[in-house]
Amino acid sequence: MSGVSQSSTVLLNRLFTLKESSPLLLVTDTIAQSSYYLIKEFIHNVPKDTNIVYISFETIHKPKYANVFIEAYEMSSKALIEQINSTYESNVKNLIIIDSINFINNEILSQFLTSIIKPNLTVLATYHTSLPELETSVKYPNYPSSYKILSFIASSIFEIIPNSKEFDEEELELNLNKLNIVKGLNNSIFQINLINRRKSGRSINYKFEINTMNHNYNLILPDQSLDSGNSMDTQDLLKGLTTFNLTTSDKQKLAKDQVELPFLDAQSFNNGGAIVYEFEKDDDYDEEDPYEDPF
Amino acid sequence: MDHKRIKLDGQSKMSFRKRGEVLGGPNPRIPNAVPGRGGAPVTAPGIPGRAPLGPNVPGRVPPPRDISGTPLPPRGAGINPLKRTGMEPDLLANQVQNLSVEEIVKHPGVRPSSITSQATISTGSADLDKILGHQGLPVGSSYLLEESGTTDFSSVLMKSFASQGIVQNRLDPKNPNTHVIVLSSNQAWGKELPGVYKGSSRDIKRNRVIQNEQKLSVQNLLDTGDAPKPRASSSSNSEKKDNDLRIAWRYGLNDPKKQQATPLDNETYKDFNHQFDITSRLVPSPNANEITYIPLGTSFKPVIKQLETTIQRHKTKIIRLVIPSFLNPSMYPPPLATSQEALQFVHSLRSLTRKYSKTLAIAMSIPLELYPRDSLLIKQIESLSDAVFNLEPFNQEMLKFLEKAYQNQPTKVQHGLVHVYKVPHLSEKGQMLIMKSEFAFKNGKKKFEIEEWGIPVEDEGEPQQTTQNIDF
Amino acid sequence: MSQQQDLNLFVDNSIIPQKVYRDEPLFGVITHTQGTSPSWLINLLIENALYGTCVINHEKNQHRQLRSNVVVISFLNDFDFYEKDLKRNGIEVNDNQQFHFIDLFTDLFQKINTPESIVKIFDQLSKTIQNIPNKKTILIEGIEFLLSSTGITSIQLLNQINKLNKIADALFIITGADKELIDIQHANPSLPEFKTLDFIIRLLHRSNIVLGLRPLETGRAKDITGTLTISKGTIPFDSLVVSEKEYLFFVSRETTKLFFR
């Protein structure tokens, strides 16, 4: 187990220090826990000479760590691409932080990314999942949503989750849907769900608790108590993987539950006297004899 | 130039006002004199203390207008003609002189709010006036009446609101004091306004006798000019007062001093409200000097213009603007129901109530069956309205239940619930006055009643059973 | 009922800390729903921005010293609406050179109609406010209304707010957040519900502090108006720390009182 823990933390550190070659790192956040602290953690870890370019759509004041600050919110995408490309330094690592990639129109998103991605450059883009999004583009009905595009091309995805120890998940969601921002959110300690895609094509998934005060990252192992529940989900797991129909519909389940099995009947002693018979030592009982049934 | 006066150049002039500079010229506001608009501490018991008005005051000192109803130039206009820069519509306001203090006070249909001492008018339903919290609708505000289902109770209240204005306008033929504007292409709307309730047939006879007695002497007439006025039956007075108190309690107004002022007020403001008989008609029907119809087209833009010119034409009167069944497709073409058109219009209405805060009051009804309450459109209209009520008529089963429960007292059967969502002034100042299912209404021949809601208890049944259970 | 409490938003017991006017600008979002109109809170913020005091707090009599200009921009109310209440709180805005009211309510739609005209208004506005010397606190009320009443998109509107954000030391956006305003039935970006939800979420994603006013879940109570929740925004301050808490509050005609829950 400690091996898993070690290799996962090593991976996270390699990502934070930009040692993994990753053109696009996607951070998904919500109003409950924004990407702010995670971005800060990158800044804490990246090599000193990294060229940090901050693309602002919703940040008014230039962060101190940014080498270049581009106010993108009223810029055409063409001008923005030009300006980003003009900041590129080929001899050092480049980190392009986009405070909210939701501001880039779905239809030009893919083209935008391909025009800024270069060797030695990582785009660290935050996507706010709390924002409403269209299932499909109005203009081009088959075109995938921005979230799908981004998660498809990202080499790693950091999904940010508020520290769940503090909250009842359901209640929190209910509150957030009503835009009730309860206290205790947006903390310097939070969790991330990291999905990393290896060159081999394999994708690995780790959950960490990130403490940005002391820069400790702890792997959170899958909750053992949930394992018993997992067996129930084998049905879901196997869904679509076999040619047999292994699933039962809700209706079938209900019918199945309603069938009264005989042993249930036997357990209820409602029908008056029952014959209770116990074998005694002296009883003459022959197992082979079909007529020896005492009932 | 004072650095604080911020002028914005360009076509779109913004009223960037500071320091209470008011659009109406140098000193259109008389500090502390106008009820509710001065800076007097609101807690001051100013209401009963105000000089009581003699019943004959209206008409004694006619406001500056000639008999034909053509308004004379407003007093302030001569002082500051430079403000008339002509073309811009929003500057029209500069030429308007709102009713002066004396005029407002003289209006027989105006009394100070029991909470804020703002000038207040009756909605045409005494009970609705009560749940408005102010004993009426403050001038310079609007009330929205939502109705669920397909019934049309709200038209009764919309029409009473108009009738109330017409009746007051006729109190002194030489001195018209109220104008009704109806947003409708239906010019016959005013022909269906209810007349004043004359009392039961016995009351009518008695009144006739009294009137005859009074005709005997001129002195009599002068002394007791207000005597033959039909009133709510006095037998139920104490019960009514109780109810008033309880409603006042709901608004957190249990100051007994204020309540004691009520009987006195009834004398002082005797023409503040009337009781309307929905089976009768207002005779004669309102004429063009009393009511203006503004027809609907495919845009609200011209409507707002017409509204404002009409308000300005009658600037010395109380203006009752009635908007029956807002956005009802039978009168409103589809483009008007878009959020943009409808909300710009309602926002402009709110702006008018503030601009003409001493003369204009608005009553608007809207059918929730067509525009559900859980939509952004209705929520925004509510947030732009000063008072919001919702009539929710009972279904057939409930009505049958009530009829059975009140077997011997059919007049007690209520017709539905009244939900209160907003109350003028108090709600926008932060008080939480959402009262769901606390009131019920019944629409009778002689009035639209609103009372506290309670499910009637049937005599037999459950209570007895509980005692038996104890025995067991 | 528990003891009456002071209003404070930060752990140093301040409402708007002095540091905001030095080097830690503030972006605050105030949300409210029907039944809990925010005008009392706006008035307290105006007072605190102007003088650093708060009339409902125990130390209300402490010496008032002007510290920031206050610009109130309203799309829903006129000057009169604020004047009387501020006066009651002891602020004579008519004599106060540092209080500025921008009426974007009266005859609004005779002035604006198209997104372009809104952009123009905000350009003028930011120029004008920029010329006000010294520190600036800006409060904007009811701006979300433009989303449902005009063709402006949420991003266009946010870009207008950016213009003011740049020149303000403290900026508060006061917006309705009733569920009907943000309940999306169809994911259609031109629907006002979609625009409003998008707008408020994006506001929250740039906020340093969030104040939420809501009625009690249980409905109306005689002595409680609702809850005021103070929480951190999604973007922390450099050094200032928001004092997160939930107040119960009571607004009556005479007073406003806060209690701890």
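Here a colleague asks a modeller about a predicted model with chains A, B and C.

Colleague: Let's start with chain A. How many helices and strands does chain A have?

Modeller: Happy to begin there. Of the 295 residues of chain A, 28% count as buried. Among its contacts between residues at least 6 apart in sequence, 67% join residues at least 24 apart. As for the elements you asked about, chain A has 10 helices and 9 strands.

Colleague: Which strands stand at the edges of the open sheet in chain A?

Modeller: The order of the 9 strands is β3-β2-β4-β5-β1-β6-β7-β8-β9, in an open sheet with mixed pairing. An edge strand has a single partner, so one side of it is left without a neighbour in the sheet. The two strands of chain A in that position are β3 (68–71) and β9 (216–219).

Colleague: By how much are neighbouring strands of this sheet turned against each other on average?

Modeller: This value ignores strand direction. For the sheet of chain A with the order β3-β2-β4-β5-β1-β6-β7-β8-β9, the average turn between neighbours is 20°.

Colleague: Which residue in β3(A) stands opposite Val53(A)?

Modeller: Strand β2 of chain A covers residues 51–56. It pairs with β3(A) in the parallel sense, over 4 bridges. Opposite Val53(A), in β3(A), stands Val68(A).

Colleague: Are helices α3(A) and α4(A) roughly parallel or roughly antiparallel to each other?

Modeller: Two packed helices are described by the angle between their axes and the distance between the axes. Here the axes of α3 (residues 77–86) and α4 (residues 106–116) of chain A come within 10 Å and cross at roughly 20°. Angles under 35 degrees count as roughly parallel. The two helices, α3(A) and α4(A), are therefore roughly parallel.

Colleague: How many nonpolar, polar and charged residues are in the contact of α3(A) with α4(A)?

Modeller: The crossing of α3(A) with α4(A) is right-handed. From α3(A) come Ser77(A), Ile81(A), Ile84(A) and Asn85(A), and from α4(A) come Ile108(A), Phe112(A), Ser115(A) and Ile116(A). By class, that makes 5 nonpolar, 3 polar and no charged.

Colleague: Now over to chain C. Which residues in α8(C) do Ser154(C), Leu157(C) and Leu158(C) meet?

Modeller: Helix α6 (residues 154–167) and helix α8 (residues 192–204) of chain C have axes that come within 9 Å and cross at roughly 35°. The crossing is right-handed. The contact has 3 nonpolar, 1 polar and 3 charged residues. On the α8(C) side, the residues met are Lys195(C), Asp198(C), Phe199(C) and Arg202(C).

Colleague: Is Tyr247(C) buried or exposed?

Modeller: Tyr247(C) lies in strand β9 (residues 245–251) of chain C. Leaving out residues up to four places away in sequence, Tyr247(C) touches several others, including Gln5(C), Thr227(C) and Phe260(C). A residue needs 20 or more other C-beta atoms within 10 Å to be buried. Tyr247(C) has 20 such neighbours, so it counts as buried.

Colleague: What about chain B and chain C together: which element gives the largest share of the side of chain B that touches chain C?

Modeller: In this contact, 45 residues of chain B face 52 residues of chain C. By class, the chain B side has 13 nonpolar, 19 polar and 13 charged residues. The elements that give two or more residues to this side are α10 (339–355) and α11 (376–384) of chain B. The largest share, 9 residues, comes from α10(B).

Colleague: Where is Pro284(B), which follows a cis peptide bond from Val283(B)?

Modeller: The bond from Val283(B) to Pro284(B) has omega near -10°. Pro284(B) is found in the loop between β7 (276–277) and β8 (291–294) of chain B.

Colleague: One more: is His425(B) buried or exposed?

Modeller: His425(B) sits in the loop between β12 (416–422) and β13 (435–443) of chain B. Its phi is near 70°, a positive value in a residue other than glycine. With 24 C-beta neighbours inside 10 Å, His425(B) counts as buried.

Methods. Residues are numbered from 1 along each chain as its sequence is written. Chains are lettered from A and ligands numbered from 1 in the order in which they are written. This is a predicted model: local features need pLDDT of at least 70, side-chain atom pairs count only at pLDDT 80 or more; totals for chains, interfaces and linings use all residues. Axes are lines fitted to C-alpha atoms, for helices over the stretch in contact, and angles run from 0 to 180 degrees between N-to-C directions. A crossing is left-handed if the near helix is turned anticlockwise from the far one by less than a right angle, and right-handed if clockwise. Two residues are in contact if their C-beta atoms, placed from the backbone, lie within 7 Å. Ala, Val, Leu, Ile, Met, Phe, Trp, Tyr, Cys and Pro count as nonpolar, Asp, Glu, Lys and Arg as charged, and the others, Gly among them, as polar. Two strands pair if DSSP finds at least two bridges between them. Angles under 35 degrees count as roughly parallel, over 145 as roughly antiparallel, 65 to 115 as roughly perpendicular and the rest as oblique. A residue is buried if 20 or more other C-beta atoms lie within 10 Å of its own, exposed if 12 or fewer, and partly exposed in between; C-beta atoms are placed from the backbone.
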